[in-house]
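Here are my notes on the pockets and the cavity. Please read them beside the model.

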Amino acid sequence: MKITFYGTRSYDRLYFEPLAADPAYGCTIRFLAANLDADTAPLAAGGEAVCAFVNADASAPVLQALAAAGVRLLLLRCAGFNQVDLAAAAQCGITVLRVPGYSPQAVAEHAMALAQAANRRICKAYIKVRNNNFALDGLLGHTLYGRCAGIVGTGRIGAAMARICRGYGMTVLACDAYRDPALADTVRYVALPELLRAADLVSLHCPLTAETHHLLNAGTLALMRDDAILVNTSRGALIDTAALIDALRARRFAGVGLDVYEDEDGQVFEDFSDDVLQNEVVPVLLSFPNVVVTSHQAFFTRTALQSIAITTMENARAFARGEPLANEVKA
C-alpha cells in the first residue's frame, strides 16, 4: 500500500519511518509537509491511502478530490474525527480509520498540569523569578486536596483524569451518557448541572458532536463556582469562547487551562513568532492572569507518538489484508 502522509513533522518521521521500513506492514509512505485540504488533495494521486492529523480538512470537497485521485482509505493518526465528513466519505467509498486510545494517560496528565499551572500561577511565577522578583503577590492558589473534581466524559482519557484526581485526594463527580462500571469506586455519576454547581475543578473529556457543541455556554458557565478551575484538553468548540471571555472579565474562575480553543485550525502546530496573529482568541485569553493556553500538545509524549504510529500502521495493514477493522469510523 502507498500512503500519502500529510502535515509531516520531524517527530512523525521519527516514529513512522522505521515502521514503514518493516516488511511486515507492506507499506510505503510519501511524507508531505503540506496539510490536507482542497488544494493538496490531488497530491495523493498514485496512492491508495492518505494519513492525516486532527487539523486536516476532510470536508466533502476534499474527500471527493481524494476519491478522484484513487484514494480508498483515510488514516487518522488521532482519536477525534469531527474534522471528517463521514457521510461524504461513505459516498466516496473511502474507509476512515482512527487511533482511538493512543495514550489516555498523556492527555489526562497534561490536563492536570494545566489545572495546576493555572491554579498556582506557574507561568507568572516563572517569569517573576526570571526577573529576580521573588515576591509572592499574585500567586495565591487553592489546595486541591479535599475538594471536588468534575469530569465531563469518562472515556479512556476522562477515566484516567478521574483516577488522577482521586490520587490528589479529591472527591470525583462525573457526567456521561454511558456510565462506566469500572469507575464505580472512583466517581459518582450526576447530571451536568449538578456537576457544574459542585465541582471546584471541571475537566472536559468528551467528543465534539452536535449535542456537545458549546456544552459550556453563558448559561452553563453561570452554574459554575466563581473560584472553580476549568480545563479543556478535548475540543475547543465544547466551550463558547465569547461566553468564557465574558465570564473571565467578570472575574470568574480561579484558573482556566486550555490546550484547545475555538478556531485554532489556522494556527495550531505553526510558528508565528515573527508574524502577527490574525486570530484574536489567544491574545485575548492570555490577557487574563488566571488563564494558561498550550498548543494542542496534550497528546505529545514519546509513548503516545509511538502508539499512534503503531496503531495507524496496523490499521493500514488490516485494511490491505481485508481483515476486520476495529478502529473504523462510520457515519
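1. Residue classes first: Ala, Val, Leu, Ile, Met, Phe, Trp, Tyr, Cys and Pro count as nonpolar, Asp, Glu, Lys and Arg as charged, and the others, Gly among them, as polar. By that scheme, the lining of the second largest pocket splits into five nonpolar, four polar and five charged residues.

2. Ground rules. This is a predicted model: local features need pLDDT of at least 70, side-chain atom pairs count only at pLDDT 80 or more, and totals for chains, interfaces and linings use all residues. Numbering runs from 1 along each chain as its sequence is written, and side-chain values use heavy atoms, without hydrogens and water.

3. The largest pocket (an open set of points on a 1 Å grid over the protein atoms alone, with protein on both sides within 12 Å along at least five of seven lines; lining residues have an atom within 4 Å of a point) is lined by 39 residues. Its volume, the space filled by probe spheres set on points joined across faces, edges and corners, is about 980 Å³. His205, Cys206, Pro207, Leu208 and Ser234 lie nearest its centre. The lining has 22 nonpolar, 12 polar and five charged residues.

4. The second largest pocket has a volume of about 260 Å³. Of its 14 lining residues, Asn82, Leu208, Arg235, Glu264 and Asp265 lie nearest the centre.

5. One cavity of 30 Å³ or more turns up in the whole structure; a cavity is a set of grid points where a 1.4 Å probe fits but cannot get out. The largest cavity has a volume of about 50 Å³. Its lining includes Asn232, Tyr261 and Glu262.
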